[in-house]
Amino acid sequence: MRKPPQNPHDLSRHDLDDILGTINDEARQRFGEGKVADYIPSLADVPADRFGMALALPDGTVHACGDARERFSIQSVSKVFTLTLALEAIGDDLWKRVDREPSGDPFNSLVQLEYEKGIPRNPFMNAGALVTADVVLSSFDDAEATLLDFMRARSGNPEVGSDDVVARSERKSGYRNVAMANFIRSYDNLHNDVQQVLDFYYLQCALRMDCVDLARSVQYLADAGRCASSGVQVTSAEGATRINSVMMTAGTYDAAGDFAYYVGLPAKSGVGGGIVAVVPHVMGLCVWSPALDEKGNSLLGRYALHRLTRMTGLSVF
Ligand SMILES: NC(=O)CC[C@H](N)C(=O)O
């Protein structure tokens with residue numbers, strides 16, 4: 001077994017390519033495990049036997065393997081970026097409307113909302129992401145254009161866009177999200193029209209990006225808020241630390257404890273099979289494989305991040 005380096009900076013570029021190659025080979029041997037999400041009809045057609053992984057360093061270089069250039073529906077991975085926009089727009093006032101505690105419940109759970117009077121547990125469960133979406137809608141004249149510009153600048157890819165077919169499919173089948181949004185509205189914790197909030201939320205979830213785009217997009221969280229693709233200071237060093245901490249405790253829903261245990265990195269998953277993760281001060285990462293485990297996280301994505309932290313010694317613990 002490879003001995004973890006004493007210092008992450010001891011890893012050469014050759015080592016990184018080697019490690020990605022090994023993980024890619026191992027992951028492909030496990031195709032067939034897990035199940036592609038089918039509750040959003042247009043996601044059900046995505047082939048399960050795909051695996052890609054990419055990592056982006058602060059100097060702008062990227063290492064990738066497998067299907068890292070195949071685009072997929074980023075779904076809840078988008079919640080990292082809307083959280084960043086909302087925090088930049090209204091700062092700590094956000095925490096009056098959404099908490100930052102782990103939920104221990106599935107991403108689409110409604111159960112705590114009534115006890116907690118319409119204040120969602122964290123910005124990464126659907127309920128919290130709807131409130132965050134509402135804040136973004138109230139804060140920018142054209143929230144959709146702001147989000148698209150943000151994603152294009154972070155990824156360095158001007159072609160990033162949202163997939164209308166997926167957004168419409170979710171609009172048709174999103175009964176739970178409709179219930180949740182109306183319930184939150186009944187506590188006055190949504191300020192815009194409910195349908196407008198839902199439509200913005202579906203648009204953000206339906207963004208299509210690949211692993212390289214997404215590794216580049218989260219890299220600012222690994223470099224004290226500075227985005228290598230654009231040279232922009234996206235958030236302060238403190239802002240990046242805070243977002244990473246919420247990813248650590250709530251980014252993978254009721255599997256956050258399991259991720260801390262096996263992976264040990266701030267991470268955010270989506271039901272499209274993508275997971276972004278951050279090695280603070282070292283790199284932004286994205287892994288994608290569409291088949292999910294029973295908690296709704298990519299099964300091979302979790303495996304790959306586990307292997308990466310074990311092979312490199314890079315974990316926050
Ligand atoms: N965990 C996810 O990726 C869920 C996002 C999905 N759009 C939903 O609202 O159900």
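## Exercises on a predicted model

Leu-198 is a residue of helix H9. The model you are looking at is predicted, so let us work through it in a few exercises.

**Exercise 1. Is Leu-198 buried or exposed, and which residues does Leu-198 contact?**

Step 1. Count the neighbours: 21 other C-beta atoms lie within 10 Å of Leu-198. The cut-off for a buried residue is 20 or more, so Leu-198 is buried.

Step 2. Look for partners, setting aside neighbours within four places in sequence. Leu-198 is then in contact with Gly-174, Asn-177, Val-178 and Ala-181.

Step 3. Now look further along the chain. Val-316 is 118 residues away from Leu-198 in sequence, and their C-alpha atoms are separated by 35 Å.

**Exercise 2. Take Tyr-201 and Asn-126, and work out where each is placed and which residues each touches.**

Step 1. Start with the record. The unreviewed UniProt entry lists Ser-76, Asn-126, Glu-170, Asn-177, Tyr-201, Tyr-253 and Val-271 under "binding site".

Step 2. Place the two residues. Tyr-201 is found in helix H9, residues 194-205, whereas Asn-126 is in helix H5, residues 126-139.

Step 3. Check burial. Tyr-201 has 27 C-beta neighbours inside 10 Å and so counts as buried. Asn-126 is buried too, with 22 other C-beta atoms within 10 Å.

Step 4. List the contacts, again leaving out residues up to four places away in sequence. Tyr-201 touches Ala-129, Leu-130, Ala-133 and Asn-177. Asn-126 touches Phe-107, Asn-108, Asn-177 and Met-180.

**Exercise 3. Which residues surround the ligand, and how do they divide by character?**

Step 1. Collect the shell: Gln-75, Ser-76, Phe-107, Asn-108, Asn-126, Glu-170, Asn-177, Cys-205, Gly-270, Val-271 and Gly-296 are the residues around the ligand.

Step 2. Sort them. Three are nonpolar, seven are polar and one is charged.

**Exercise 4. How many residues of H5 are buried, and what covers them?**

Step 1. Begin with the length. H5 has 14 residues and reaches 20 Å from its first C-alpha to its last, close to the 20 Å expected at 1.5 Å a residue.

Step 2. Count burial. In H5, 12 of the 14 residues are buried, so the helix is largely enclosed by the rest of the structure. Among them are Gly-128, Thr-132 and Asp-134.

Step 3. Find the cover. The buried residues of H5 are covered by elements including helix H2 (78-90), helix H3 (94-97), helix H4 (111-115), helix H6 (143-155), helix H8 (175-186) and H9.

**Exercise 5. Which residues have the most contacts inside the largest nonpolar core, and which helix gives the largest share?**

Step 1. The largest nonpolar core has 103 residues, and those with the most contacts inside it are Met-53, Ala-54, Leu-130, Cys-211, Ala-215 and Val-276.

Step 2. The largest share of this core, eight residues, comes from H5.

Step 3. Zoom in on Met-53. Beyond residues up to four places away in sequence, Met-53 touches residues including Leu-20, Ile-23, Cys-211, Val-287 and Ala-304.

**Exercise 6. Does H13 count as largely enclosed or not, and what follows just after H13?**

Step 1. Compare spans. The 14 residues of H13 (299-312) should span 20 Å at 1.5 Å a residue, which agrees with its end C-alpha atoms being 20 Å apart.

Step 2. Count burial: 11 of the 14 residues of H13 are buried, so H13 is largely enclosed by the rest of the structure. One of the buried residues is Ala-304.

Step 3. Step past the helix. Just after H13, Gly-313 takes a positive phi of about 75°.

Note on methods:
Residues are numbered from 1 along each chain as its sequence is written. This is a predicted model: local features need pLDDT of at least 70, side-chain atom pairs count only at pLDDT 80 or more; totals for chains, interfaces and linings use all residues. UniProt positions are given in the numbering used here, feature names are shortened, and annotations may be inferred rather than shown by experiment. Helices (H or I, at least four residues) and strands (E, at least two) are DSSP runs, numbered from the N terminus. Two residues are in contact if their C-beta atoms, placed from the backbone, lie within 7 Å. A residue is near a molecule or strand if its C-beta atom, placed from the backbone, lies within 6 Å of it. Ala, Val, Leu, Ile, Met, Phe, Trp, Tyr, Cys and Pro count as nonpolar, Asp, Glu, Lys and Arg as charged, and the others, Gly among them, as polar. The expected span of a helix is 1.5 Å times one less than its number of residues. A nonpolar core is a set of buried Ala, Val, Leu, Ile, Met, Phe, Trp, Tyr and Cys residues joined through C-beta atoms within 7 Å.
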